Amino acid sequence: MRKNTTWDCGRSTADGFALFERTLWQAMRKTAYWLAIDIGGSSVKVALWDGHRLSRVDRTEFGSAIVDGDWIARLLGLKLQAWGDPPIRSAAVGVPSLVDAKHRVVVESANLGWRNYPLASVLRKALRIPVYLETDVLLAARVESALGAGRNSTDFVYINLGTGVSHVRMLRGEPQLGAHGLGTNLGHAPLFSGRNRRARKLCRCDRPYCVETVIGGRVIATALRRWRGGERHRFWREYGENLGIVLSCVTSLLDPERIVLNGGVCASRTLFESSMRAALQRHTAHQGALPKILFSRLGDAAGLVGAGLAAQQRAHE
Ligand SMILES: [Zn+2]
């Protein structure tokens, strides 16, 4: 009898709404998520991935503090608790480092001070779910290739401008990492001579002349603390010129169709874009080979979606 059905037994609208809300919550509780984690040189971003979209996107800055897997595990535990302990199938972590994905070890991260660090097993023990590792720029470049500014390009270079500087060349949608899988280290290329005063400082990798010592996020943080007004303006112009030189080197070496820029520094693009483009043009020998320079519109989401997709795909391997 219809009289006995849920919706036809004299419930008020408020009762009906409460039931709807409860049913929806129960359905949501049944949805299992993948945990997307993106560890940068000065922050940890984390989100839930349901196979289609991100939710609960969160960012925690740790600045220049030294962090380890236990600290990250505690942070993730607190976030999950605050989100009502949603069911998690597995997690993928993007780290600013070369990664031995098979053995789930961070091989070396100059920015985090980790060497042969078993991050995946530390997190797996704490969270009690499978945890996969991947180089952060690789996760983001794949998403940029499929959904972002690299879409429909057969040959582009993705560059992340954050605390560190890293890159990936994407050829027909696939990352080209070179003979030893190390082709992501633009930040530690010694492109600048001692005539550039910033390049004389030792990089976090203990070498001078690295790209990161001139255009890395720490240089910007120091400059913004130190300078105001016109001096700040001059810093950004110089920053753009130095970045333009780096892009010109990339162009001369790889002749890409596009260069896609992403990372926290891009939030200040209006301050350095024109000097960057002018320097790229000035320093590139073959003007016909100038690539399109595009800024990512995915921003932080590129790394998190990449981690979410990696966790989802690795679970099926
Ligand atoms: Zn370096």
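Start by selecting strand 2 and strand 3, which form a hairpin with four residues between them. In the turn, Gly51 has a positive phi of about 100°. Keep in mind throughout that this is a predicted model.

**The first hairpins**

Strand 3 covers residues 54-61, and its pairing with strand 2 is antiparallel, over six bridges. To see one pair of facing residues, pick Ser43, which stands opposite Glu61 in strand 3.

Now add strand 1, residues 33-39. Strand 1 runs antiparallel to strand 2 and is joined to it by six bridges. A hairpin of three residues connects strand 1 to strand 2. Select Ile37 here, and Val46 in strand 2 will be found opposite.

Stay on strand 2, residues 43-49, and look at its surroundings. Six of its seven residues are buried, so strand 2 is largely enclosed by the rest of the structure.

**The whole protein**

Zoom out. The protein has nine helices and 13 strands. Of its 317 residues, 40% are buried. Of the contacts between residues at least 6 apart in sequence, 66% join residues at least 24 apart.

**The five-stranded sheet**

Next, select strands 9 to 13. Five strands form an open sheet here, in the order 11-10-9-12-13, with mixed pairing. Strand 11 (174-176) and strand 13 are at the edges; each has a single partner strand, so one side of each has no neighbour in the sheet. On average, neighbouring strands of this sheet are turned by 30° against each other, direction ignored.

Within the sheet, pick strand 9 and strand 10, residues 165-171. They pair in the antiparallel sense, over seven bridges. One residue to click is Phe156, whose bridge partner in strand 10 is Met170.

**Helix 7**

Move to helix 7, residues 229-254. At 1.5 Å a residue, its 26 residues should span 38 Å, and the end C-alpha atoms are 38 Å apart, which agrees.

Colour the buried residues of helix 7, among them Trp236, Tyr239, Leu243, Ile245, Val246 and Leu247. Gly240 and Gly244 are also buried in this helix. What do the buried residues of helix 7 pack against? Show strand 9 (155-161), strand 12 (258-262) and strand 13 (292-295), together with helix 5 (212-215) and helix 8 (269-283): the buried residues pack against these elements.

Then step past the end of the helix to Asp255, which follows helix 7 and has a positive phi, near 50°.

**Phe192 in its loop**

Select Phe192, in the loop between strand 11 and helix 5. Is Phe192 buried or exposed? It is buried, because 21 other C-beta atoms lie within 10 Å, and 20 or more is the cut-off for that label.

Show Ala199, Tyr209 and Val214 as well; Phe192 touches these residues, leaving aside those up to four places away in sequence. Cys210 is another residue to add: it lies 18 residues from Phe192 along the chain, with 6.7 Å between their C-alpha atoms.

**Two crossing helices**

For the last stop, select helix 4 (residues 136-147) and helix 9 (residues 301-314). They pack at an angle of about 95°, and their axes are 7 Å apart. That makes helix 4 roughly perpendicular to helix 9. By class, the contact of these helices has seven nonpolar, two polar and three charged residues.

To display the contact, show Asp136, Leu139, Ala140, Arg142, Val143 and Glu144 in helix 4. These meet Ala302, Gly303, Val305, Gly306, Ala307 and Ala310 in helix 9.

Note on methods
Residues numbered from 1 in each chain as written. Predicted model: local features only at pLDDT ≥ 70, side-chain atom pairs only at ≥ 80, totals over all residues. Buried ≥ 20, exposed ≤ 12 C-beta atoms within 10 Å, placed from the backbone. Contact = placed C-beta atoms within 7 Å. Expected span 1.5 Å × (residues − 1). Axes fitted to C-alpha atoms, helices over the stretch in contact; angles between N-to-C directions. Parallel < 35°, antiparallel > 145°, perpendicular 65-115°, else oblique. Nonpolar A, V, L, I, M, F, W, Y, C, P; charged D, E, K, R; others polar. Pairing = 2+ DSSP bridges.
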